[in-house]
Amino acid sequence: MVEVFICRLPEEKSQSELTSLLTYVSDESQKRILQFFHLADAYRTLIGELLIKHVLYKRKGKRVQDITIGKNAYGKPYFPDYPSIQFNISHSGDFVVCAVNDQQVGIDVEKVKAFDLCMAKQLFTEFEYWEILAAENKSLACYDYWTMKESYVKALGKGLAIPLHSFRVKKTKLDQFVIIDMDRNEEVKDFMLKQFTIATGYKLAVCAHGATEYNFCQYPYQVNFNHLCSDVI
C-alpha cells in the first residue's frame with residue numbers, strides 16, 4: 001500500500017520550541033535547520049524528519065532516538081535498518097508531506113505561484129509545453145507537470161541526473177497519467193503516478209514503483225503537529 005502523510009505547519013512558531021525538538025532529529029538535520037534564516041523553513045525541515053520517524057514509530061514501535069536515517073549517493077534518504085520501508089519527503093508553503101511504500105516511491109508538493117513559461121519551455125518536453133500553452137490556467141498546468149515529473153525523478157532516487165525533459169507525462173484518462181521515455185519512445189510501465197488534492201493553491205503528486213491505482217491510499221493521512229510531537233518525544 002502506498003500511503004501519504006500530511007502535516008501542516010503550526011500557526012504559532014517559536015525558536016524555543018524548535019530548539020527543544022532538535023534532539024529528536026539527526027545531527028546532519030540539526031546543522032541544516034540551524035542555518036535557516038526563516039523560522040518556517042527550519043520547521044519544514046524539522047517536521048519532515050519527525051513525520052517519517054512518526055510513521056516508523058507507528059509501524060515498528062521504534063523509539064525516535066533509535067531510528068537511523070541514511071542517504072544514498074544522490075542524497076535520497078532511507079532507513080538502513082528497514083530496507084523494506086521506502087519513503088520520500090517534500091514540503092512547500094504550509095505543508096510537509098511524506099509517501100511510504102515497500103518499493104521505490106517519490107512525492108512532491110508545491111504551492112502554486114506564477115510559473116515562468118520560458119522556464120517551462122526549457123524544463124518540459126515539447127508536447128507538455130504546448131499542452132501548458134493550451135491550458136486555461138497555465139501556472140496550474142505547469143505545477144501539474146512539475147510535481148508529477150519531480151515525484152518520478154525522486155522515486156528513482158537519482159536526483160538531477162535525470163533531466164525533466166528526458167521523459168513525458170501524458171494524461172490518458174481523467175486524473176490518470178502515464179510516463180513515456182523520450183529516448184525509447186515507449187511507456188514506463190513499472191511506475192504509477194497519482195495526484196492528491198490537499199488544499200486550494202497546492203499541487204501534490206506521488207509516483208510509486210510496482211503500484212496500480214488500487215495500491216494507493218484513497219486519501220492522505222492528516223497528522224496534527226502537536227500529536228506528531230507527542231508521539232516522537
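## Salt bridges within helix H3

In this predicted model, glutamate 49 is buried, with a relative accessible area of 9%. Its salt-bridge partner is lysine 53, and the closest N and O atoms of the two are 3.2 Å apart. Lysine 53 also counts as buried, because its relative accessibility of 3% is under 20%. The two residues are four positions apart in helix H3, so about one helical turn separates them.

A further salt bridge joins the side chains of aspartate 41 and arginine 44, at 2.5 Å from N to O. These residues are three positions apart in helix H3, again about one helical turn. Aspartate 41 is partly exposed at 26% relative accessibility, whereas arginine 44 is buried at 15%.

## A link from helix to strand

Arginine 59 forms a salt bridge with glutamate 3, with the closest N and O atoms 2.3 Å apart. This pair connects distant parts of the chain: arginine 59 belongs to helix H3 and glutamate 3 to strand E1, 56 residues apart. Arginine 59 is partly exposed, at 39% relative accessibility, while glutamate 3 is buried, at 16%.

In the whole structure, 10 salt bridges are found. Side chains of opposite charge can pair when their charged atoms come close.

## The sheet beside the helix

Helix H3 (residues 39–60) lies across strands E1, E4 and E5, at about 35° to E5. These strands belong to an open sheet of four strands with mixed pairing, in the order E4-E5-E1-E12. Its edge strands are E4 (86–92) and E12 (221–222), each pairing on one side only.

Strand E1 (residues 3–8) pairs with strand E5 (residues 95–101) in the antiparallel sense, over six bridges. Isoleucine 6 has valine 97 in E5 as its bridge partner.

Notes. Residues are numbered from 1 along each chain as its sequence is written. This is a predicted model: local features need pLDDT of at least 70, side-chain atom pairs count only at pLDDT 80 or more; totals for chains, interfaces and linings use all residues. Side-chain values use heavy atoms; hydrogens and water are left out. Two strands pair if DSSP finds at least two bridges between them. Contact means heavy atoms within 4.5 Å. Axes are lines fitted to C-alpha atoms, for helices over the stretch in contact, and angles run from 0 to 180 degrees between N-to-C directions. A salt bridge is a side-chain nitrogen of Lys or Arg within 4 Å of a carboxyl oxygen of Asp or Glu. Buried means under 20% relative accessible area, exposed over 50%, partly exposed in between (1.4 Å probe, protein chains only).
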